[in-house]
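Got your viewer open? Let's take a short walk through this structure, one selection at a time.

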Amino acid sequence: MSTKDYLEKDYYKVLGVSKTASKDEIKSSYRKLARANHPDANTGDPEAENRFKEISEAYNVLSDDKRRKEYDDARSLFGGSYRPGGGTGPGGFDMSDLFGQGGGTAGGTGGERLSDLFGGLFGGRGRGGTATRSRRGADVETETTLTFREAAAGATRSFQLASEAPCPTCKGTGAKAGTAPRMCPKCAGTGHENTNLGGFSLSEPCSECKGRGLVVDDPCATCHGSGRGKSTRTIQTRIPAGVADGQRIRIKGKGAPGENGGPAGDLYVVVHVKEHPVFGRTGDNVTITVPITFPEAVLGADVRIPTLSGFPVTVKVPPGTQNGHKLRVRGKGATRKDGTAGDMIVTLEVSVPTNLNGDAREALEKFRAATSDHDPRDGLEARAKGA
């Protein structure tokens, strides 16, 4: 469960009672809901089991006068937010943990303490009481262009990335060789300045050290005291098969390096796919338009067509094929995420010759005479009037 989940639980709503409900009303509602959602009465229903746990958790807090008061005070302070599981016991509320004075951790992902989230607002220093908290590296975005075939089958690309990293001259201290930075006298090394706002203390980055907690008297000539430098590196990564034009691919942990032991950011690659003169794409299916002759359409034929793999296949054109008829060739499309392949959709296009020699024209005239009893437009006008 995330920290946000802890902060947004409404126990009154879980039990279906008002905020002014008496202890008897709370107990009555709890018994009714617990009976209806008990796991023994809902075998094989995980949702009922989860509801039962929420109901029990809500009752543990609201049935105890002390915990209920702490809960109500907390919700009033944070506009309706509460976090169970503090240092006062099951379902309890620990204000010292919230404001960064206790040693407990919240139930959020990775053990993230609420003091880490709210330390900047209330003047706390975060985990460990230090201003040099680790920081995740920035995300980096780049672009690449693939051919149509590469996009369908996947490809490996090399990227040269420039990002910030610890200065190679001073190793990130910001100080000239032989010297060292000193603790900032203004913020006493915290990196923050606190402004009293009555009931709260607002924390801002120190104006003297810019939030580092350290002051450099003799700065490094390379980074001018910042401790940061530019890093250029080349990485190779696989662009997955079936990627579409304009798709944004996330490559975890390949972005800018983190600070103070923090994790690296992510690399995002925007893919551009070149158009192909013959093939097209519809999802995982490859499309192709294949011209056929009039006799092939009328009499049927076996027609050889190209594929993305480079190995042609032969498809059977049925007799009496109409212009625009579609055929499906299984497994000749783009590669899917699961490794299987889509299909190739073949659209047949009857090619009408523009120049006929005498023999061809004579043959067509005989064909027209022989099929004069077939009128493809028979009834068209009547249907149009009826519409």
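**Stop one: two helices side by side**

Begin with helices α3 and α4, whose crossing is left-handed. Keep in mind as you look around that this is a predicted model.

To find the pair, select residues 23–37 for α3 and residues 46–62 for α4. How do you describe two packed helices? You give the angle between their axes and the distance between the axes. Here, the axes come within 9 Å and cross at roughly 165°. Angles over 145 degrees count as roughly antiparallel, so that is what α3 is relative to α4.

Now show the side chains where the two helices touch. On the α3 side, pick Ile 26, Lys 27, Tyr 30, Leu 33, Ala 34 and Asn 37. Facing them from α4 are Ala 48, Arg 51, Phe 52, Ile 55, Ser 56, Tyr 59 and Leu 62. Try colouring this contact by residue type: you should get 9 nonpolar, 2 polar and 2 charged residues.

**Stop two: a pair of rings**

How many aromatic pairs does a search of the whole structure find? It finds 2. For one of them, stay where you are and select Tyr 30 and Tyr 59. Their rings are stacked, with 4.1 Å from centre to centre and 10° between the planes. Tyr 30 belongs to α3 and Tyr 59 to α4, so this pair ties together parts that are 29 residues apart in sequence.

**Stop three: an open sheet**

Next, jump along the chain to a sheet of 4 strands. In what order do the strands sit? Going across, you meet β10, β11, β15 and then β14, in an open sheet with mixed pairing. Select 279–282 for β10 and 326–329 for β14 to see the edges. Each of these has a single partner strand, so one side of each is left without a neighbour in the sheet. From one strand to the next, the twist averages 35°.

**Last stop: a hairpin**

Zoom in on β10 and add β11, residues 285–293. The two pair in the antiparallel sense over 4 bridges. One to click on links Thr 282 to its bridge partner in β11, Asn 285. Together β10 and β11 form a hairpin with 2 residues between them. Finish on Gly 283 in the turn, which has a positive phi of about 65°.

Methods:
Residues numbered from 1 in each chain as written. Predicted model: local features only at pLDDT ≥ 70, side-chain atom pairs only at ≥ 80, totals over all residues. Heavy atoms only, no water. Axes fitted to C-alpha atoms, helices over the stretch in contact; angles between N-to-C directions. Parallel < 35°, antiparallel > 145°, perpendicular 65-115°, else oblique. Left-handed = near helix turned anticlockwise from the far one by under 90°. Contact = heavy atoms within 4.5 Å. Nonpolar A, V, L, I, M, F, W, Y, C, P; charged D, E, K, R; others polar. Pairing = 2+ DSSP bridges. Phe/Tyr/Trp six-rings, centres within 6.5 Å; stacked < 30°, edge-to-face > 60°.
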